[in-house]
Amino acid sequence: MDKHEDFRDSLATVDESGGRIWLFPTKPSGKYYKYRTWVSFGLLAFLLLVPWIKINGHPLFLLDVFARKFILFGAVFWPQDFYLFGLAMITFFVFIILFTVVYGRVFCGWVCPQTIFMELVFRKIEYWIEGDASAQRKLVHAPWNREKVLKRVGKHSLFLLIAFIISHTVIAWVIGVDSLWNLVNTSPLKQQGGFIAMIAGTFLFYGVYARFREQMCTTFCPYGRLQGVLLDDDSMIVAYDHVRGEPRGKIKKDTENKDLGDCIDCGLCVRVCPTGIDIRNGTQMECVNCTACIDACNEVMEKVHRPLDLIRYASENSIKENRGFIFTTRMKAYTGVLVLLVGVMVTLLFIRSDVEATVLRTPGTLFQKLDDGRVSNLYQVKIINKTFDTMHIALSPNVNATIRLIGKDSILTVPSGGMAESSFFLDVDPNDLDGIKTNVRISLMDGDKKVGSVKTGFLGPAGNK
Ligand code: SF4
Ligand code: SF4
């Protein structure tokens, strides 16, 4: 392959004076574009509909960062579950690194909200209203006649409407649809913070998709910037087969073109690229793996009766060595670690208890002998309720004993997402003790339902048993 690397000295979307080169990518079509459209429908439905789904009156998902309350698949997580959040973050970062090393930027092309909204929502609207790339270019230079005004106003009104919907959807994910509905139905003067968030969100999304566009991926996104260190020659990327394609050259009539490779240098792969790069130059940070160039080139290959997939998902090494993509031992190992990480995280989420309790003997105290001969220890109890409902907890020990809560009745009321603390005496018959220290298990009963249990030690006089 030609080793001219000067294309790396500049961005395809910035001219020599530092000005923006506005891109007009040709409308993609083909197998991958069709699949990505279907995937985008699924993801958009998930994003828009999930905030409306409720289980027993509670949202299926809620990411309330302000109240530090998260609901995932109907299970509520409070600040007390912070260790799970920390673990999830670590898992997430390790996952991202391993996933990218093996599968490249598949996420960017197929799942990333920026690509989904930009390429499969806003760009589609643009094609629908203004036409394909050449029509858009023409419209830019056209005088402000009726057609241009109508097209521009129509497009930007729709853009604003969609940005408005995205902004409300994001707010619904954070505060829930009920609070959003409340916000919408309240005077902006009474809910200034919420109103400003809605308007700011709308203009932010509008600005990103109407103006900032591919710059988000090529200059702003930190994940994009990491590609240089995460990808290697075995990573799966959207790649041009330079072995088969070079030397490139136009098909000439009445000649056999026998010295040329399969690339006919039509430039369609460059024209469809939403980040304006030429994939034939090799792996580039600006490539979001959107697959538009694969579809475009396959269309060309079909027309010129050459094998498909001159541009395809492949690794640099598989192209150099002229072989198929190999799932190497390292990739298998990384995939194994990924599956394991996700498995551990899911298991931790599912085995998490609804109630967290600690029962500790009050520091500095030993035991007391009561008038009726029983032995008493003083404890401190702390109970955290991680469910949606208030709990009324009674403590029930596994030995023949009486519990005397100090200053309260025999029931501890623990609010949803809240905590209750108290102290209590545990009075035990000396015949039930195992010596100086007896292990005691205390069950937490919410009515007839056991919601947890906790182990603690009971100190008694020497000589029992
Ligand atoms: S090079 Fe191809 S896959 Fe990469 S962003 Fe451009 S069109 Fe998409
Ligand atoms: S679309 Fe295919 S044939 Fe045309 S320039 Fe790109 S790689 Fe070459």
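Analyst: Helices are DSSP runs of H or I with at least four residues, and strands are DSSP runs of E with at least two, both numbered from the N terminus. The structure discussed here is a predicted model. With elements assigned in this way, H305 is found in the loop between α13 and β7 (311–314).

User: Why is H305 called exposed?

Analyst: A residue counts as exposed if 12 or fewer other C-beta atoms lie within 10 Å of its own. H305 has 6 such atoms within 10 Å, so H305 is exposed.

User: What makes the backbone of H305 worth a remark?

Analyst: Most residues other than glycine have a negative phi. H305 is not a glycine, yet its phi is positive, about 55°.

User: Where is N56, and what is its phi?

Analyst: N56 is in the loop between β1 (54–55) and β2 (58–59). Its phi is positive, at about 50°, although N56 is not a glycine.

User: How do you know whether N56 is buried or exposed?

Analyst: Burial requires 20 or more other C-beta atoms within 10 Å, and exposure 12 or fewer. N56 has 7, so N56 is exposed.

User: What makes the bond between E246 and P247 notable?

Analyst: Most peptide bonds are trans. The bond joining E246 and P247 is cis, with omega at about -10°. P247 has its place in the loop between α11 (242–245) and α12.

User: Why are β3 and β5 called edge strands?

Analyst: The open sheet has three strands in the order β3-β4-β5, paired antiparallel. β3 (62–64) and β5 (75–77) each have a single partner strand, so one side of each lacks a neighbour in the sheet. From one strand to the next, the twist averages 20°.

User: How do you know that β4 and β5 are paired?

Analyst: Pairing requires that DSSP find at least two bridges between the strands. Three bridges join β4 (residues 69–72) to β5, so the requirement is met, and the two run antiparallel. In this pair, L72 has A75 of β5 as its bridge partner.

User: What makes β14 a partner of β10, and of β12?

Analyst: The cut-off is again at least two bridges. Between β10 (residues 375–385) and β14 (residues 419–428) there are 10 bridges, so they count as an antiparallel pair. Strand β12 (residues 401–405) is joined to β14 by five bridges, so this antiparallel pairing also satisfies the cut-off. Within β14, D427 is the bridge partner of S376, while F424 stands opposite L405.

User: How do you know that β15 and β16 pair, and what is the phi of G447 in their hairpin?

Analyst: Strand β15 (residues 437–446) and strand β16 (residues 449–459) share 10 bridges in the antiparallel sense, so the requirement of at least two is fulfilled. I442 is bridged to V454 in β16. The hairpin has two residues between the strands, and G447 takes a positive phi near 65° there.

User: Which residues show that α1 and α13 are in contact?

Analyst: Contact requires C-beta atoms within 7 Å. K31, Y32 and Y33 in α1 meet A292, I294 and D295 in α13. By class, this contact has four nonpolar, no polar and two charged residues. The helices α1 (residues 31–49) and α13 pack at about 145°, and their axes are 7 Å apart.

User: What makes a residue part of the shell around ligand 2, and which come closest?

Analyst: Its C-beta atom must lie within 6 Å of the ligand. There are 16 residues around ligand 2, the closest being C263, C266, L268, C269 and C297. Both α12 (268–271) and α13 (292–303) supply at least two residues of this shell, and α13 gives the largest share, three residues.

User: How do the shells of the two ligands divide by class?

Analyst: Around ligand 2 there are 11 nonpolar, two polar and three charged residues. Around ligand 1 there are 11 nonpolar, three polar and no charged residues. C273, I279, C287, C290 and C293 come nearest among the 14 residues around ligand 1. Cys counts as nonpolar, so the cysteines named here fall in that class.

User: What is the division of the chain into domains, and how many residues form the contact?

Analyst: Domain 1 comprises 1–141 + 214–352, and domain 2 comprises 355–459. The contact takes six residues from each of domain 1 and domain 2. On the side of domain 1 that touches domain 2, the residues divide into two nonpolar, two polar and two charged. The C-alpha centres of the two domains are 56 Å apart.

Note on methods. Residues are numbered from 1 along each chain as its sequence is written. Chains are lettered from A and ligands numbered from 1 in the order in which they are written. This is a predicted model: local features need pLDDT of at least 70, side-chain atom pairs count only at pLDDT 80 or more; totals for chains, interfaces and linings use all residues. Domain bounds come from an automatic or database domain assignment. Two residues are in contact if their C-beta atoms, placed from the backbone, lie within 7 Å. Axes are lines fitted to C-alpha atoms, for helices over the stretch in contact, and angles run from 0 to 180 degrees between N-to-C directions.
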